[in-house]
Amino acid sequence: PTEKLQAITYVASPGTGVTTTDRDKAFIMKGGVKVYGGYDGSTGVRDVLTNISILSGDLNNDNVASDGDCYHVVSSRNNVNDAVLDGFTIQHGYANGAASLSGSGTTGTSRLTVAQFNGGAIALRGADNAMTFSNLIIKDNYASDYAGGLALYISGTRTFTFNNIVFVNNESGAEAGAARIYSSSGTPTVNISNSKFISNKAASRGGAIYAFGSTTTGY
């Protein structure tokens, strides 16, 4: 990955800025943009099982999730409506930072940011968004706080869809080894189908999934 959400981070309170590093780079999803992997480079035939497409956070090239790798492999803040991520292996994210990254380009509280210590593979946050994930292997990612695999912070009334996803060997130092789903307001819906959770672990609760919210959320 080569892009950052925003070059201002916050440590403990608004206005406490630190310069971002290469570890803040991620593949950043955009509203309406559909990204597909699994194509043969010469024939153009798509077969996600044969033509492995990898999104990796392995900045230090040691082929494992470790200190020095990207905090998040895939990320987004604000509008990701109708975006699609389909046909990839997402691996070697290592979310063990201490700051939070703003996606709006303005100063504010850490509550409105994506934290460096959550969501090693995928960290998404935004109001009333909807996105579709299909045919993914999310493996070998780590977060020091929560969500070694997926950190989904949602609100509003829209639906996030996950179909044919394999979460394998993701780990968190607190809760949600594979996926943490949190609803801050509204009545969003998360649909997970035809998916597997294998050998994920968390230090406290939710080895596979930890889902909760401050309002009613449909799962």
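Is Asp22 buried, partly exposed or exposed? Keep in mind that what you're looking at is a predicted model. In that model, Asp22 comes out at 46% relative accessibility, so it counts as partly exposed. Its side chain has a partner, too: Asp22 and Lys25 meet in a salt bridge, with N to O at 3.2 Å.

Now slide along to Asp24, which sits in the loop between strand E3 (17-18) and strand E4 (25-28). Asp24 counts as buried because its relative accessibility is 7%, and the cut-off for buried is under 20%. So what does Asp24 touch, once you leave aside its neighbours within four places in sequence? The list runs to Glu3, Lys4, Tyr71, Leu101 and Gln116. With Gln116 there is also a polar contact, side chain to side chain, of 2.8 Å. Back toward the start of the chain, Leu5 is 19 residues away from Asp24 in sequence, and the two C-alpha atoms are separated by 7.8 Å.

Let's get back to salt bridges, since the count for this model comes to five. Another one pairs the side chains of Arg46 and Asp86, at 2.7 Å from N to O. This pair links distant parts of the chain, 40 residues apart: Arg46 is in the loop between strand E5 (34-36) and strand E6 (54-56), while Asp86 belongs to strand E8 (residues 83-91). The two ends also sit in different burial classes. Arg46 has a relative accessible area of 31%, so it is partly exposed, whereas Asp86 has 9% and is therefore buried.

Further along, Arg180 forms a salt bridge with Glu175, and their closest N and O atoms are 2.8 Å apart. Here both partners, Arg180 and Glu175, are buried. There's a third member to look for as well: salt bridges that share partners tie Glu175, Arg180 and Arg205 into one network.

Finally, have a look at the backbone of two asparagines. Asn164 has a phi near 60°, which is a positive value in a residue other than glycine. You'll find Asn164 in strand E16 (residues 159-168), and at 35% relative accessibility it counts as partly exposed. Asn194 has a positive phi as well, near 50°, and again the residue is not a glycine. Where is Asn194 placed? Look in the loop between strand E19 (189-193) and strand E20 (196-198). Its relative accessible area is 61%, so Asn194 is exposed.

Technical notes
Residues numbered from 1 in each chain as written. Predicted model: local features only at pLDDT ≥ 70, side-chain atom pairs only at ≥ 80, totals over all residues. Heavy atoms only, no water. Helix = DSSP H or I, 4+ residues; strand = E, 2+ residues; numbered from the N terminus. Buried < 20%, exposed > 50% of the residue type's maximum accessible area, 1.4 Å probe, protein only. Contact = heavy atoms within 4.5 Å. Polar contact = N/O pair within 3.5 Å; in protein donor to acceptor, adjacent residues only side chain to side chain. Salt bridge = Lys/Arg side-chain N within 4 Å of Asp/Glu carboxyl O.
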